[in-house]
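Visitor: I'm in my first year and I'd like a close look at one part of this protein model. Could you take me through the sheet and whatever is tied to it?

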Amino acid sequence: MDWKISTVVTGVDGSEGSQRAAEHAVAIARHWGAALKLVTVVRTPEGWWGIGGAPPSPEALSTALVEGQQQVLKEIEDHLDLEGVEYETVEELGDPVSRLLYVAEVNAADLLVIGRRGAGLAERVILGSTADRLTHLASCPVMVVP
């Protein structure tokens with residue numbers, strides 16, 4: 001099989017695991033001369049305000065989510081050595097698995113690089129890990145970075 005990597009997608013969420021995954025994704029993109037998509041996904045925030053609390057206004061919530069995503073992307077861009085790598089940042093809202101699969105599919109990704117851990121324990125117990133779900137559902141190879 002003659003495999004060429006033209007597009008690499010990596011999910012970043014501010015965790016150390018996603019930072020290590022992004023470092024590997026950059027190295028792979030640089031080696032292959034591939035395009036890199038740095039994707040951050042914010043899960044929709046049902047219940048963040050607790051029982052009996054008033055939800056934030058849609059405008060306030062939207063502003064907070066956008067600012068949070070931009071902060072995660074700025075920090076990862078500042079941390080990574082992206083010189084000479086063609087890259088784009090992508091902000092998504094929703095379920096991390098479905099949104100990462102979507103970005104990988106619409107960009108015809110040859111490789112999806114993710115950290116092994118990012119979500120909290122409760123989410124892993126209830127939903128299964130994002131990494132585990134992506135390895136089962138992705139249509140391209142998935143590299144899971146410890």
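Guide: Here is a walk through the sheet, then the helix lying across it, and then some of the side-chain links and a loop. Keep in mind that this is a predicted model.

Let's begin with the sheet itself. It is an open sheet made of 5 strands, and if you read across it the order is β3-β2-β1-β4-β5, with the strands paired in parallel. Now look at the two ends of that order: β3 (87-93) and β5 (142-145) are the edge strands, and each has a single partner, so one side of each has no neighbour in the sheet. Going from one strand to the next, you'd see a twist that averages 20 degrees. In case you're wondering what holds such strands side by side in general, strands of a sheet pair through backbone hydrogen bonds, in either a parallel or an antiparallel way.

Let's zoom in on one edge. Strand β4 covers residues 111-115, and its parallel pairing with β5 runs over 4 bridges. To find your place there, look for leucine 112, which stands opposite valine 142 in β5.

Next, put a helix on top of that. Helix α1 (residues 16-32) lies across β1 (7-11), β2 (35-42), β4 and β5. Its direction makes an angle of about 150 degrees with β4.

Over at the other edge, the side chains get involved. There are 6 salt bridges in the structure, and one of them joins lysine 37 to glutamate 88, with 2.7 Å between the closest N and O atoms. Lysine 37 belongs to strand β2 and glutamate 88 to strand β3, so this pair ties together parts that lie 51 residues apart in sequence. The two partners sit in different classes of exposure: lysine 37 counts as buried because its relative accessibility is 12%, below the 20% cut-off, while glutamate 88, at 39%, counts as partly exposed.

Follow the chain on from β3 and you meet another link. Arginine 133 and aspartate 95 form a salt bridge through their side chains, 3.6 Å from N to O. Arginine 133 is in helix α5 (residues 130-137) and aspartate 95 is in the loop between β3 and α3, so to speak a handshake between distant parts of the chain, 38 residues apart. Both are partly exposed: arginine 133 has a relative accessible area of 25%, and aspartate 95 has 22%.

For contrast, here's a salt bridge inside one helix. Lysine 74 meets aspartate 78 at 2.7 Å, N to O. They are 4 residues apart in helix α2 (residues 58-79), which means about one helical turn separates them. Lysine 74 is partly exposed at 45%, whereas aspartate 78 is exposed at 54%.

Charges can also meet rings. The charged end of arginine 99 sits over the ring of tyrosine 102, at 4.5 Å from the ring's centre. As for rings meeting rings, the count of aromatic pairs is 0.

Last stop: the loop between α3 (96-106) and β4, where you'll find alanine 108. Most residues other than glycine have a negative phi. Alanine 108 isn't a glycine, yet its phi is positive, about 50 degrees. Alanine 108 is also exposed, because its relative accessible area of 53% is over the 50% cut-off.

Methods
Residues are numbered from 1 along each chain as its sequence is written. This is a predicted model: local features need pLDDT of at least 70, side-chain atom pairs count only at pLDDT 80 or more; totals for chains, interfaces and linings use all residues. Side-chain values use heavy atoms; hydrogens and water are left out. Rings of Phe, Tyr and Trp (its six-membered ring) pair if their centres lie within 6.5 Å; planes under 30 degrees apart count as stacked, over 60 as edge-to-face and the rest as tilted. A charge sits over a ring if NZ of Lys or CZ of Arg is within 6 Å of the ring centre and within 35 degrees of the ring normal. Two strands pair if DSSP finds at least two bridges between them. Axes are lines fitted to C-alpha atoms, for helices over the stretch in contact, and angles run from 0 to 180 degrees between N-to-C directions. Contact means heavy atoms within 4.5 Å. Buried means under 20% relative accessible area, exposed over 50%, partly exposed in between (1.4 Å probe, protein chains only). A salt bridge is a side-chain nitrogen of Lys or Arg within 4 Å of a carboxyl oxygen of Asp or Glu.
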